[in-house]
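Reader: I should be grateful for a close look at one buried position in this protein and at what surrounds it. Please begin with its contacts and then place it in the wider fold.

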Amino acid sequence: MGDSEQINNRASAGADFLEWNLSLKADSSPWSVEQTMTQLLAYETAEGPTLSLTVAAQEDARVIHELGKRKTWTAVAALRGFQAMSMVDTQRELARLNADRLVEQGLPEPPWTPTIGRVRIDGCWWAHDEFDETAIVLCAFSYDGADEHAILAMIDRTLGDGLFRELTLSTHPDSLRDVLRHAEKGNDGLVSEPLDHAHARRLLQDAISTTDELTENREYKVKPVPAAYRKMRALTLARAHALSPVAAPVEPFPGSVEIELLKRSFLVSGAVTGLPPRDATARAVDLLVTQFVEQAGCHPLNLGPRRVLAVLGLPALTPEHIDDPDVARILPDVAEAWISWTATERGLSADATERLRKAAKQACAELRSTMSKGSETT
């Protein structure tokens, strides 16, 4: 059997499977159909994922083409399911075009077609810190009061554009509101408040993109990723689309000119009082800022405790990787001064400033110890 024949057979079997599943949902609610589709688009068995997300997307495109050739009402139902729930924009459009064509040929629409995915947004809230390192997003939906459900996502914003750490679906939204209230009462400096729908869409979409990338690439050893992530991935994106026509724009990343201006502002500020001569300090700042921008992918002004601890622990900041002994010697002092200066520049609250300075002190103490050991070895 040739490769093309195997591909065609897989597409045919996939279409059969989709049609069979959707035939069971002929008179179901849109919410029930969505739950079925999101499970099917998880590509999982009891043993775990059966396909990588890249391969799964390719297989789905072939299944959609195959369904478009079938003149059955279940093919229309499966295509409408893809149209509402596919993770790929072009596949949602392809499914719509194929379904429309079959309907024009006289095949019936499923009764849930006009309403699937057209949920009411019952509220959107989040708990977040001043450092933009943690975001707990809660969005509640219903079909005009029926089939209430909510998605709660805990997003680690220190990795890429955000990585899911927890992802929960509940049919009791009020119980998840309690999670935000408890988070605000904790010791992590989180604040709970209503969340703009376009901003919520961006947070969820960015987290899906980053989580897909990090979990699919074997070079990354990212843990813990929620066990339910695959099974909730399609529904989470569908609900993100329902929140707003477009996502809120991303805050622009600083260009080289802006970064140089930040460095100059620091070097003429009172924060450098007591540091070594400007030339050596400037070289240390260049090295430090480069690590924040290129290695951590973050704005060198918008620092948080976890970003600080991660960046100052990078191998690139150990003596054997710094070819300028003067810079290696003063780097911990310069780093502590820079981090303290950023807190002042951003106007952080007293509590947030103290938390950031505490993290900087800890990280710089470890860096000094590393530098000292490196000097002894040399």
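Author: Thr236 touches Ile151, Phe164, Leu167, Leu204 and Ile208, when its neighbours within four places in sequence are left aside. These contacts belong to a predicted model. Thr236 itself is part of helix α8, which covers residues 229-243. Its relative accessible area is 1%, and as the limit for a buried residue is under 20%, Thr236 is counted as buried. The side chain of Thr236 also has a polar partner: one of its polar atoms lies 2.7 Å from the backbone oxygen of Met232.

Two of the elements around Thr236 deserve a description of their own. Helix α7 spans residues 197-216, and Leu204 and Ile208 are among the residues that Thr236 contacts. The 20 residues of α7 reach 28 Å from the first C-alpha to the last, close to the 28 Å expected at 1.5 Å a residue. Of these 20 residues, 14 are buried, so α7 is largely enclosed by the rest of the structure. At the start of this helix, a side-chain oxygen of Asp196 comes to within 3.1 Å of the backbone nitrogen of Ala198.

The other element is strand β5, residues 146-156, and Ile151 is one of the contacts of Thr236. Strand β5 also holds Asp147, whose phi is near 50°, a positive value in a residue other than glycine. With a relative accessibility of 33%, Asp147 is classed as partly exposed. Asp144 lies in the loop between β4 (134-143) and β5. Asp144 likewise has a positive phi, of about 50°, although it is not a glycine. Its relative accessibility is 68%, and Asp144 therefore counts as exposed.

A second buried side chain with a polar partner is that of His128. This residue is found in strand β3, residues 120-128, and counts as buried at 17% relative accessibility. A polar contact of 2.7 Å links the side chains of His128 and Glu193. Beyond its neighbours within four places in sequence, His128 is in contact with Thr134, Gly189, Leu190, Val191 and Glu193. The C-alpha atoms of His128 and Glu184 are 8.6 Å apart, although their positions lie 56 residues apart along the chain when counted from one to the other.

Further along the sequence, helix α10 (residues 278-295) has 18 residues and reaches 25 Å from its first C-alpha to its last, close to the 26 Å expected at 1.5 Å a residue. Its buried residues are Ala280, Thr281, Ala282, Ala284, Val285, Leu288, Val289, Gln291, Phe292 and Val293. These buried residues pack against three helices, namely α9 (256-267), α11 (305-311) and α12 (325-346). Just after α10, Gly297 adopts a positive phi of about 60°.

Two of those partners, α9 and α12, also meet one another. They pack at an angle of about 105°, with their axes 11 Å apart. Angles of 65 to 115 degrees count as roughly perpendicular, and α9 and α12 are therefore roughly perpendicular to each other. On the α9 side the contact is made by Leu262, Lys263, Ser265 and Phe266, and on the α12 side by Val334, Ala337, Trp338 and Trp341. By class, this contact has six nonpolar, one polar and one charged residues.

Helix α2, at residues 30-40, can be set beside α7 in respect of burial. Nine of its 11 residues are buried, so α2 is largely enclosed by the rest of the structure. The buried residues of α2 are Pro30, Trp31, Ser32, Val33, Glu34, Thr36, Met37, Thr38 and Leu40.

The protein as a whole provides the setting for these details. It has 13 helices and seven strands, and its C-alpha atoms fill a box of roughly 80 × 50 × 40 Å along the principal axes. Buried residues make up 48% of its 378 residues, and Thr236 is one of the buried residues. Among contacts between residues at least 6 apart in sequence, 68% join residues at least 24 apart.

Technical notes:
Residues are numbered from 1 along each chain as its sequence is written. This is a predicted model: local features need pLDDT of at least 70, side-chain atom pairs count only at pLDDT 80 or more; totals for chains, interfaces and linings use all residues. Side-chain values use heavy atoms; hydrogens and water are left out. Helices (H or I, at least four residues) and strands (E, at least two) are DSSP runs, numbered from the N terminus. The expected span of a helix is 1.5 Å times one less than its number of residues. Buried means under 20% relative accessible area, exposed over 50%, partly exposed in between (1.4 Å probe, protein chains only). A polar contact is a pair of N or O atoms within 3.5 Å; within protein, one must be able to donate a hydrogen and the other to accept it, and residues adjacent in sequence count only if both atoms are side-chain atoms. Contact means heavy atoms within 4.5 Å. Axes are lines fitted to C-alpha atoms, for helices over the stretch in contact, and angles run from 0 to 180 degrees between N-to-C directions. Angles under 35 degrees count as roughly parallel, over 145 as roughly antiparallel, 65 to 115 as roughly perpendicular and the rest as oblique. Ala, Val, Leu, Ile, Met, Phe, Trp, Tyr, Cys and Pro count as nonpolar, Asp, Glu, Lys and Arg as charged, and the others, Gly among them, as polar.
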